[in-house]
Amino acid sequence: MICEHAITERDKYANVDDESIITIHTEIVGNLIAWINENLELPINISMIARKSGYSRWYIQRIFKHLTGQPLALYVRRQRLYKAAGGA
C-alpha cells in the first residue's frame, strides 16, 4: 500500500518536468532556510516547518536532505547552536 502523502505529493507535479521540480524545490528550501534563520527563537519543529512549506513532514524532510545534504532537524539544531555561540 502506498502512503497517502506520497500520492498527494506526487500528484502536485503530475505535469511538471524534472528540471522545473528541482527549481521549485530549491526555491522552497531556500525560503524555508531564510524563515528558520529568522525564527530560531520560536519552538520550531518539523510539523511547523511542514505547514509553512505546504508539504507533508515526510516530503519536506526528503527534499531538504536531498538539496542540502543534511536532515532538516539537524539543520535547525546547528543553526540554534551557531546563534547561541554568538554567530549571526
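**Figure 1. Contacts across the protein chain of the predicted model.** Of the contacts in the protein chain with a separation of 6 or more, 58% join residues 24 or more positions apart. The chain holds 5 helices and 0 strands. From the N terminus on, its elements run α-α-α-α-α. The protein chain has 88 residues, and 33% of them are buried.

**Figure 2. Crossing of helices α3 and α4.** Helix α3 spans residues 46-53, and helix α4 spans residues 57-68. Their axes come within 9 Å. The crossing angle is roughly 85 degrees. An angle of 65 to 115 degrees counts as roughly perpendicular, and α3 and α4 are therefore roughly perpendicular to each other.

**Figure 3. Residues at the contact of α3 with α4.** From α3 come I46, S47, A50 and S53. From α4 come R57, I60 and Q61. By class, the residues of this contact divide into 3 nonpolar, 3 polar and 1 charged.

**Figure 4. The buried side of α3.** I46, I49, A50 and S53 are the buried residues shown in α3. They cover an arc of only 100 degrees around the axis, so they lie on the same side of α3. The buried residues of α3 pack against three partners: α2 (18-38), α4 and α5 (72-84). I46, A50 and S53 also take part in the contact with α4.

**Figure 5. The two ends of α3.** At the start of the helix, N45 contributes a side-chain oxygen. This oxygen reaches to within 3.1 Å of the backbone nitrogen of S47. S47 also belongs to the set of α3 residues that meet α4. Just after α3 comes G54, which takes a positive phi of about 90 degrees.

**Figure 6. Surroundings of I33 in helix α2.** I33 has a relative accessible area of 23%. Buried means under 20%, so I33 counts as partly exposed. Neighbours within four places in sequence are left aside here; beyond them, I33 is in contact with F64, T68 and Y75. F64 and T68 fall within the residue range of α4, 57-68. Y75 falls within that of α5, 72-84.

**Figure 7. I33 and I49 in sequence and in space.** The two residues are 16 residues apart in sequence. Their C-alpha to C-alpha distance is 9.9 Å. I33 is found in helix α2, and I49 is a buried residue of α3. Helix α2 is among the elements that the buried residues of α3 pack against.

Conventions. Residues numbered from 1 in each chain as written. Predicted model: local features only at pLDDT ≥ 70, side-chain atom pairs only at ≥ 80, totals over all residues. Heavy atoms only, no water. Axes fitted to C-alpha atoms, helices over the stretch in contact; angles between N-to-C directions. Helix = DSSP H or I, 4+ residues; strand = E, 2+ residues; numbered from the N terminus. Parallel < 35°, antiparallel > 145°, perpendicular 65-115°, else oblique. Contact = heavy atoms within 4.5 Å. Nonpolar A, V, L, I, M, F, W, Y, C, P; charged D, E, K, R; others polar. Buried < 20%, exposed > 50% of the residue type's maximum accessible area, 1.4 Å probe, protein only. Arc of directions from axis to C-beta. Polar contact = N/O pair within 3.5 Å; in protein donor to acceptor, adjacent residues only side chain to side chain.
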